[in-house]
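The following exercises concern burial, packing and helix geometry. Each task is followed by a worked solution.

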Amino acid sequence: MVYCARFLRKCPGVVNLIEVRNLTKVYGQHTAIDNISFTIDDGEIVGFLGPNGAGKTTTMNIMTGFIAATGGDVKISGVDIVAEPERAKANIGYLPDTPPVYGDMRISEYLNFVADIKKVRKGRKEAIEHVMKAVHIDGMSKRLIKNLSRGYKQRVGLAQAMLGDPKVIIMDEPTIGLDPKQIIDMREVIKNLSKKHTVILSSHILQEVSAVCDRVLIINRGKIVATGTPDSLSESLTKGAAQMQVRVKGQREQIQKALGEFSVIKDISMAAGLEQGTTDLLLRGEDSTDIREAIFRCMSKNNFPILLMKPNELTLEEIFLSLTDAAAQRGSVAGALPGGAAGLGAEPHLDEGRVSYDSDL
Amino acid sequence: MTAIYKKEMRTYFTQMMGYVFLAFLLLLVGIWFAMVNVTGHNANFHNVLSQVTIFFFILLPILTMRLFSEETRQKTDQLIFTSPLTITGIVLGKFFAALSLFIIGTAITIILPAMLSLYGELPASQILGTYIGFVLLGACCIAVGVLISCLTENQIVAAVGTMGAIFTMFIIDAIALAMPISTFASLMFVALIIAAVVAVWYNSTRNILASVIVGAGGLAFSAGLYIANNLIFDGLIVRVLLWFSIFARFASFTRGILHLADIVYYISFAALLLYITVNILEKRRWR
């Protein structure tokens, strides 16, 4: 069976679960989505990542058939969303950024209504109980939705999207406005969802996507700027940039001079440390040379105590900044990748959203 | 369709709107009943109903103002328009829910002529005819309200817009009579309509050539009609305006006469408005 499925997947002509081709949406003069194409396979959790106004919500609204595209097409399970909307929509559960709930309904009434419009007939009671359990709102069925907190409204919205067992569940910013505990709960729920459904979610929060998704599409200004697993994106950008964050007790000028004697250490930027009398450094070797030992020898020779030393891995946040911020793309890698040193406590200079460090060499 | 219908009916009674409407309708009918029939010692209940139709422009927006506008405001339109329901089904569900509530209110008033019948002979055919006309006229006004409600996300705007539209149709006879009937005025009128069609066409397709073809085609067609039979253009404005005069056709119902033409007119008027509503909603999905 497994081989069979693999074989089928490789076969040309076998449809992807979701196929988006050359999608474009123009609002007057403003191009919200610019010729986006991607496919999503069965069982994937895919995250759309992008700043506000990048076109994530527009893409989702088009994929769910809520608004029409200016150009291009969307196929859900091989069914075109414009040509056969009813059949395509039957495969989708959608949780928009605002949960689409009626305040004057009780949870049970609301879910019954949704079951009605989604044509869930047999096993309706069990289906409703199942989704309520999945989002942890069982036992609240008599509560009036308008009296629920934002987090619970979001859960009711998700329960609604799950109802009818759609193949695809699309969620627009599912954790926005939730408290930290609710966010963790929500991630748990989303991970469970992926056992039975293909999940697409959008977010401008990076931990969100990296915590949950198999694959990330980074969208900016209506275009997909990068795609890959959270790990591979991080890897591809850190390649050849094995950076170390170091905090050393000592004066900046002296440290700079000391480092000058060690040719292995190439790229140096430094800033005054947060702690009194210390200096924070971002150091890099040639290609991916290991410079940890060199740093130790340099500092011990000159009697500068090393207070902290750790590798500077790119967080998704930095990938995001470097990919989406055109200014950062033009600048040096070190200039675009400040997060590590910020973690060290150095004060980054925020200049119109760009982060840079004093770089004396 | 039934899912939306059931939901709307329930909402009418969980959100006061239904009660407000019924109370207002029964109050109006009650006041006129007391004035015309009780204190006036009169059995002509159909006069009461035809008086109440004057207030349709305040009464029926109560039913229709929130139908689509509230969905848009609450963002629940994202739920119903991404569900596997057809847009026609959604529009009809909402329309029939409003119509049902109107019919329920109207049915309650049957108590009044029933009471009258205990004390004497009633003009049964006239009353029955008026009831039928009352419901048909109401259905048309509700269809107007449904259409206007889908254009805005503000209930108040929807209500005021519907009031304005129904009131305009109420006084359209008077407006029509004041219109010029000369052939020249009619031609100007046709030209204006063609210009409007071209503007809408251009706005939705952004295709100059196609718009010009549509405009030229329209002008050529009207010119052809003018050469073939220029009598068509005599008093055209008046005739077009009178087509919207849904209240004028109500009169024959109050005389107890059921013209098939009138019934077909009312049904097709409502159907046309609902068709336009479906297309407006559909267009959001298409463009």
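**Exercise 1.** Identify the residues that Cys140(B) touches, leaving aside those up to four places away in sequence.

*Solution.* Contact requires C-beta atoms, placed from the backbone, to lie within 7 Å. With sequence neighbours up to four places away excluded, Cys140(B) touches Ile246(B), Tyr266(B), Phe269(B) and Ala270(B).

The model is predicted: local features need pLDDT of at least 70, side-chain atom pairs count only at pLDDT 80 or more, and totals for chains, interfaces and linings use all residues. Residues are numbered from 1 along each chain as its sequence is written, while chains are lettered from A and ligands numbered from 1 in the order in which they are written.

**Exercise 2.** Place Cys140(B) within the largest nonpolar core.

*Solution.* A nonpolar core joins buried Ala, Val, Leu, Ile, Met, Phe, Trp, Tyr and Cys residues through C-beta atoms within 7 Å; buried denotes 20 or more other C-beta atoms within 10 Å of a residue's own. The largest such core has 131 residues, of which Tyr110(A), Cys140(B), Ile142(B) and Ala143(B) touch the most other members. H9(B) gives the most to this core, with 14 residues.

**Exercise 3.** Why does the end-to-end distance of helix H9 of chain B agree with its length?

*Solution.* Helices are DSSP runs of H or I with at least four residues, numbered from the N terminus. H9 covers residues 124–149, so its 26 residues at 1.5 Å a residue should span 38 Å, and its end C-alpha atoms are 37 Å apart. The expected span is 1.5 Å times one less than the number of residues. In H9(B), 20 of the 26 residues are buried.

Conventions:
Helices (H or I, at least four residues) and strands (E, at least two) are DSSP runs, numbered from the N terminus. A residue is buried if 20 or more other C-beta atoms lie within 10 Å of its own, exposed if 12 or fewer, and partly exposed in between; C-beta atoms are placed from the backbone. Two residues are in contact if their C-beta atoms, placed from the backbone, lie within 7 Å.
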